[in-house]
Amino acid sequence: DLGCRVESGAFLTVQNVTGTDDQAGLLDTRFAPLCENMEGAAAAQVCCLYGVPFAEIRGISNIVGARDLSKWKIPAASAAAQSAALAFIRTL
């Protein structure tokens, strides 16, 4: 058990990292996204353009807001993403 949950929904595409709690709260109130994402938008757009199915699986290592690297859980997020990707692949 990785202590994670699986959700589906909208990601908020941003051009730079949201580095303050105030900005994170504003974006959450306005858009109610599952997560902030910079990398996936280009891949999704290209897939849409060429009619290629697209799914993005993310392991979330930290909450958006003030950047406190000591709270980031990168190994756990990577393990959760790997587990979810393998489960997804098995359904195909």
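Here is a quick tour of this chain, from its overall layout down to a handful of residues. Keep in mind that the model is predicted. The chain has 3 helices and 2 strands, and along the sequence they run in the pattern β-α-β-α-α. The C-alpha trace spans about 40 × 35 × 20 Å along its principal axes.

**The chain as a whole**

- Of the 92 residues in the chain, 17% are buried.
- The accessible surface adds up to about 7,200 Å², and carbon and sulfur atoms account for 57% of that.
- Take the contacts with a separation of 6 or more: 49% of them are between residues 24 or more positions apart.
- On the charge side, there are 7 positive and 9 negative side chains. The centres of the two sets lie 4 Å apart.

**Helix α3, end to end and side to side**

- Helix α3 covers residues 74-90, which makes 17 residues. At 1.5 Å a residue it should span 24 Å, and its end C-alpha atoms are indeed 24 Å apart, so the expected and modelled spans agree.
- Which residues of α3 are buried? They are Ala77, Ala80 and Ala81. These alanines sit on the same side of α3, because the arc they cover around the axis is only 100°.
- Turn to the other side of α3 and you find Pro75, Gln82, Ile89 and Arg90, which are exposed.

**Strand β1 and the loop after it**

- Leucine 12 belongs to strand β1, residues 11-13. Its relative accessibility is 12%, so it counts as buried, the cut-off being under 20%.
- What does leucine 12 touch, leaving aside neighbours within four places in sequence? Its contacts are Leu27, Phe31, Pro33, Cys35, Glu36 and Asn37.
- Leucine 12 also pairs up for a distance check with alanine 41: they are 29 residues apart in sequence, and their C-alpha atoms are 9.1 Å apart.
- Threonine 18 lies in the loop between β1 and α1. Is threonine 18 buried or exposed? With 6% relative accessibility, it counts as buried.
- Setting aside neighbours within four places in sequence, threonine 18 is in contact with Gln23, Ala24, Leu27, Glu36, Val64 and Gly65.
- One of those partners, Glu36, is 18 residues from threonine 18 in sequence, with 8.3 Å between the two C-alpha atoms.
- Leu27 turns up in the contact lists of both leucine 12 and threonine 18, and so does Glu36.

**Alanine 32, the one with the odd backbone angle**

- Alanine 32 is in the loop that links α1 (21-31) to β2 (35-37).
- Its phi is positive, about 50°, even though the residue is not a glycine. For background, most residues other than glycine have a negative phi.
- Alanine 32 has a relative accessibility of 58%, which puts it over the 50% cut-off, so it counts as exposed.

**Around β2 and α2**

- Glutamate 39 sits in the loop between β2 and α2 (40-50). At 54% relative accessibility, this glutamate counts as exposed.
- How far is glutamate 39 from threonine 13 in space, C-alpha to C-alpha? The distance is 8.2 Å, with their positions 26 residues apart in sequence.
- Alanine 43 is part of helix α2. Its relative accessibility of 33% makes it partly exposed, since that value falls between the 20% and 50% cut-offs.
- Alanine 43 and aspartate 68 are 25 residues apart in sequence, and their C-alpha atoms are 28 Å apart in space.

Key
Residues are numbered from 1 along each chain as its sequence is written. This is a predicted model: local features need pLDDT of at least 70, side-chain atom pairs count only at pLDDT 80 or more; totals for chains, interfaces and linings use all residues. Side-chain values use heavy atoms; hydrogens and water are left out. Helices (H or I, at least four residues) and strands (E, at least two) are DSSP runs, numbered from the N terminus. The expected span of a helix is 1.5 Å times one less than its number of residues. Buried means under 20% relative accessible area, exposed over 50%, partly exposed in between (1.4 Å probe, protein chains only). The arc is that of the directions from the helix axis to the C-beta atoms. Contact means heavy atoms within 4.5 Å. Accessible areas come from the Shrake-Rupley method with a 1.4 Å probe; for residues, only the protein chains shown count as cover. Lys and Arg count as positive and Asp and Glu as negative; His and the chain ends are not counted. The place of a charge is taken as NZ of Lys, CZ of Arg, CG of Asp or CD of Glu.
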